[in-house]
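These are my notes from a first pass through a structure that was new to me. I wrote down each thing I looked up, in the order in which I looked.

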Amino acid sequence: AWALSFSQADALEALKRLPIGKGTLQVESLAEPGMKLPDGKVIEGLPSRTVVKALLQPAEGSNIRVEIWLPEPTRWNGRFVGLGNGGSAGSIHPGGLAAHCRNGYAVATTDMGTAPNSDSGIGNPEVWKDFGYRATHLMTVLAKEAVRTYYGKAPEFSYFSGRSTGGQQALQEAQRYPEDYDGIIAGVPAHCRTPLHAYFLWNEQILAKCPFTESQMKSVTAAGNQFMADKEVPAAAGKFVSDPRCTPADIEAVIAIARKNDPTLTDKHAVALRELFDGPKHAETGERIFNGVPFGASPAGSHGHLYLFRWVFGAEKNLADINFGKDIDTYTSTLGPYLNAENPDLTPFEKRGGKLLVFSGTADEVVPFHATLDYYDRVIAHFGGEEKVAAFSRFYLIPGMSHGGGPGMTQLPDMLTVIRDWREKGIAPEAIQVHGTPGGSKSISMPVYPYPRKTTWDTTAIKYQSEPGPRGGVERIAERFRPAAKE
């Protein structure tokens, strides 16, 4: 531990008395400038810091772990950042905590109450609430109180940043707890949660019946890129897809190209691809449950992640037997009100001056862009126009970005800096500059404009420019698969 002043020592003792209700609290002072992460990477240049670890138990069956890092007062920049988790959560990731602490932020994250693994949610509604929204909010409340206690004042600004499941957390915060954060970054957000996992199950069942080899998967991805090439800017043509919105006729054309280029793709594969590209529909009513795998993405990563069905139907249920009729109805009504972040009324967040940045990748087969684009359209409709929404929120569709990065534009600007400039300085983001090396080719850079504007190439001026783009173009998920939030 480093030498504490008398007032700091008092603050440290006060931290140990933070009101947490039922649970446990641990506070420690650390001075080591370096830290080895679980993946072997070492982070250097860390300030002396106080770490608060809490176990919150707001209800029987709820066990939420929270970790808060507080850089020493001389290194604090006056701001707090809440960090999102990923997948089914269940653990604390120190890398993000360390990186933000090194940059002067008070920072916190949570395991979302799903430790030791995702089976903690089987038949446990308290875990559903924690994973859906409660853990993130309680983490935020505790972290802000820790900041006030340790530094003697509240944070000047508070920000939340999350991707995937963290994007779900981000939009839940904007919708349910608009006072928690001044700025929110929702990256590739899994906010339409129960329909998304229905998509995973749909694809799981299709691919189990009709497997594809790795080579065939690559042929399917390449066919999507080839079909959309004439609609692309020159740097992207044939390498990735900037706007994968499509029609049934487009789907048939891509399947035909894939089969022409790869004769190993059979009639059975064609049927499977038609279902994968189209996406799940209700077996009895035909209602849209979720959209399909985007052109330019690989179906290989579009399945798995089936723990939510175990939460509802139990560990012994054969997931291959789950149907897209009554079973999906039961699943939706059970989990949807807790997990989905689908409310387009962001008025309380907007009125307090909150700023929201959302981005999705066009080649993301894990959390496809469709539901987020449609959600943003519904926000625009609620507020009565694009300009009103653009005053507090921007949505960016990143060309060729998959869930893990490639194959297209994989490098984004520091979105925390972008949203800080917007919230604190009034500098609204227009184009964001993105970079990538598609297909291992020469590195390219291009601007991406807020939806619905699109990036085009001016062949005369030899430069990128912005043009108005279309809204919509994705089939809306039926409302009953997006039930209203509970509590």
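At what angle do the axes of helix H5 and helix H8 cross? I kept in mind from the start that this is a predicted model. For H5 (residues 193-209) and H8 (residues 267-278) I noted that the axes come within 10 Å and cross at roughly 175°. That makes H5 roughly antiparallel to H8, since angles over 145 degrees count as such. I then listed who meets whom: Trp202, Asn203, Ile206, Leu207 and Lys209 from H5 are in contact with Lys268, Ala272, Glu275 and Leu276 from H8. Sorted by class, this contact between H5 and H8 consists of 5 nonpolar, 1 polar and 3 charged residues.

**Entry on the open sheet**

I turned next to the sheet, and found an open one of 9 strands with mixed pairing, in the order S1-S4-S5-S7-S6-S8-S9-S10-S11. Its edges are strand S1 (23-30) and S11, each of which pairs on one side only. I also looked up the twist, and neighbouring strands here are turned by 15° against each other on average, with direction ignored. As a reminder to myself, strands of a sheet pair through backbone hydrogen bonds, either parallel or antiparallel.

Within this sheet I followed strand S6 (residues 79-83) to strand S8 (residues 157-163), and the two run parallel, joined by 5 bridges. Valine 81 has tyrosine 159 in S8 as its bridge partner. Helix H14 (residues 415-425) packs on the sheet, where it touches S6, S8, strand S9 (183-187), S10 and S11, and its direction makes about 150° with that of S10.

**Entry on an edge strand**

Is S11 enclosed or open to its surroundings? I went through strand S11 (residues 393-398) and found that 6 of its 6 residues are buried, so the strand is largely enclosed by the rest of the structure. Ser393, Phe395 and Leu397 point one way, while Arg394, Tyr396 and Ile398 point the other way, and all of them are buried. Strand S10 (residues 355-361) runs parallel to S11 and is joined to it by 6 bridges, with leucine 357 standing opposite arginine 394.

**Entry on S14 and S15**

For comparison I looked at strand S14 (residues 432-436), which has a covered face made of Ile432, Val434 and Gly436 and an uncovered one made of Gln433 and His435. S14 pairs with strand S15 (residues 444-448) in the antiparallel sense over 5 bridges, and isoleucine 432 stands opposite valine 448 in S15.

**Entry on serine 161**

I came back to S8, because serine 161 has its place in that strand and, at 25% relative accessibility, counts as partly exposed. Leaving aside residues up to four places away in sequence, I found that serine 161 touches Gly82, Leu83, Gly84 and Ile185. I also checked its separation from serine 120: the two are 41 residues apart in sequence and 25 Å apart in space, C-alpha to C-alpha.

**Entry on cysteines**

How many disulfides does a search of the whole structure find? The search gives 0 disulfides. Cysteine 192 is in no disulfide, and the nearest cysteine sulfur, that of cysteine 246, is 18 Å away. Cysteine 192 is buried, with a relative accessible area of 3%, and cysteine 101, at 0% relative accessibility, counts as buried too.

**Entry on backbone details**

I looked for cis peptide bonds and noted one from alanine 115 to proline 116, with omega near 0°; proline 116 lies in the loop between strand S7 (106-110) and helix H3 (125-151). Another cis peptide bond joins tyrosine 451 and proline 452, with omega about 10°, and proline 452 lies in the loop between S15 and strand S16 (454-458).

I then looked up positive phi values. Alanine 89 has a positive phi of about 60° although it is not a glycine, and is found in the loop between S6 and helix H2 (94-102). At 18% relative accessibility, alanine 89 counts as buried, because the cut-off for that is under 20%. Glutamate 487, again not a glycine, has a positive phi of about 55°, and its place is in the segment after strand S17 (463-467). At 64% relative accessibility, glutamate 487 counts as exposed.

Methods
Residues numbered from 1 in each chain as written. Predicted model: local features only at pLDDT ≥ 70, side-chain atom pairs only at ≥ 80, totals over all residues. Heavy atoms only, no water. Buried < 20%, exposed > 50% of the residue type's maximum accessible area, 1.4 Å probe, protein only. Helix = DSSP H or I, 4+ residues; strand = E, 2+ residues; numbered from the N terminus. Pairing = 2+ DSSP bridges. Axes fitted to C-alpha atoms, helices over the stretch in contact; angles between N-to-C directions. Parallel < 35°, antiparallel > 145°, perpendicular 65-115°, else oblique. Contact = heavy atoms within 4.5 Å. Nonpolar A, V, L, I, M, F, W, Y, C, P; charged D, E, K, R; others polar. Disulfide = S-S within 2.5 Å.
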